[in-house]
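Please open the model in your viewer and keep the sequence panel beside it. The tour below proposes a series of selections and describes what each one contains.

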Amino acid sequence: MTTGGTGVRPPVALRAEALEQLLTERGLIDPKVMDGLITEYETDIGPLNGAKVVAKAWTDPEYRRRLLDDGTSAIGELGFTGPQGEHIVVVENTPTTHNVIVCTLCSCYPWPVLGLPPSWYKDPAYRARVVKEPRVVLSEMGLDLDDDVRITVRDSTSEVRWLVLPERPAGTEHLSEEQLVPLVTRDAMVGVAKARTP
């Protein structure tokens, strides 16, 4: 997603770039290694924790109930706790209701279950537009929902972070919890996509 703006980079991005350049020049970091670590935490390690939570909820009705009643506690049962995860509320997507997560003020995000936030989540265009025109933004991101599906936009804050429990894909009733984990993506747990089909 592009901002469509002036192309001026925010001060925090400029500071981060300057710091990276300084550390690289002094031989303290290798940018390729850093990029690899960031990608791994953004797309693999962090979201894998959330995928385990979702797969357990899909296969264990009692756990699912606890997760929807008290997300922080139920997620903690699996050992996924820490900064940015002190208070997580879990909402469930159904055939008639779809939840999507945003942080309109900055980029509050449940790191213990989703890893690092993707760049589009922090993009001012996503943060502004998904609140005003969620159906359009979701469609642009590849998720087309029927007109009768009600979309609820959940705004994360420093006090409350949200996690979406996506719909379990049809035809997965025979799959074990472990087999379901790879079907759960970070984007599905943010609500900008559905879980993968096997």
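The stops run from the whole chain to the core, then to the charged pairs, and end at a buried arginine.

**The whole chain**

Begin with the entire chain coloured by secondary structure, keeping in mind that this is a predicted model. You should be able to pick out ten helices and four strands, and, if you trace them from the N terminus, they follow the order α-α-α-α-β-β-α-α-α-α-β-β-α-α. Switching to a surface representation shows an exposed area of about 10,900 Å², of which carbon and sulfur atoms supply 55%. Of the 198 residues in the chain, 38% are buried. Among contacts with a separation of 6 or more, 68% are made by residues 24 or more positions apart.

**The nonpolar core**

Next, select Leu67, Ile75, Val113, Tyr121, Tyr126, Leu163 and Val190, which are the residues with the most contacts inside the largest nonpolar core, a set of 45 residues. Add helix 2, residues 31-59, since that helix gives the most to this core, with six residues. In soluble globular proteins, nonpolar side chains tend to be buried together.

Which residues does Ile75 touch, leaving aside those up to four places away in sequence? Display its surroundings and you will find Val53, Tyr63, Leu67, Phe80, Ile88, Val90, Val113 and Leu163.

**Charged pairs**

Now show the side chains of the charged residues, where nine salt bridges are present in the structure. Side chains of opposite charge can pair when their charged atoms come close.

Select Arg64 and Glu92 as the opening pair of this stop; they form a salt bridge in which the closest N and O atoms are 2.7 Å apart. Because Arg64 belongs to helix 3 (residues 61-69) and Glu92 to strand 1 (residues 88-92), this pair ties together parts that are 28 residues apart in sequence. Arg64 is partly exposed, at 29% relative accessibility, and Glu92 is also partly exposed, with a relative accessible area of 27%.

Move on to Glu140 and Arg129, whose side chains meet in a salt bridge of 2.8 Å, N to O. Here Glu140 sits in helix 8 (residues 134-140) and Arg129 in helix 7 (residues 124-132), so the bridge connects parts eleven residues apart in sequence. Arg129 has a relative accessible area of 23% and is therefore partly exposed.

For a further pair, select Lys194 and Glu167, which meet through their side chains in a salt bridge of 3.5 Å, N to O. This one links distant parts of the chain, 27 residues apart: Lys194 is in the segment after helix 10, whereas Glu167 is in the loop between strand 4 (161-165) and helix 9 (177-180). Lys194 counts as partly exposed at 46% relative accessibility, and Glu167 is partly exposed at 26%.

Before leaving the charged residues, select Glu62, Arg65 and Asp69 together, as salt bridges that share partners join these residues into one network.

**Arg186**

Finish at helix 10, residues 186-190, which contains Arg186. Is the arginine at this position, Arg186, buried or exposed? Its relative accessibility is 14%, so Arg186 counts as buried, the cut-off for that class being under 20% relative accessible area. With the side chain of Arg186 displayed, add Asp187 to the selection: a polar contact of 2.9 Å joins the two side chains.

Technical notes: Residues numbered from 1 in each chain as written. Predicted model: local features only at pLDDT ≥ 70, side-chain atom pairs only at ≥ 80, totals over all residues. Heavy atoms only, no water. Core = buried A, V, L, I, M, F, W, Y, C linked by side-chain atoms within 4.5 Å. Buried < 20%, exposed > 50% of the residue type's maximum accessible area, 1.4 Å probe, protein only. Helix = DSSP H or I, 4+ residues; strand = E, 2+ residues; numbered from the N terminus. Contact = heavy atoms within 4.5 Å. Polar contact = N/O pair within 3.5 Å; in protein donor to acceptor, adjacent residues only side chain to side chain. Areas by Shrake-Rupley, 256 points an atom, 1.4 Å probe, with all protein chains shown as cover. Salt bridge = Lys/Arg side-chain N within 4 Å of Asp/Glu carboxyl O.
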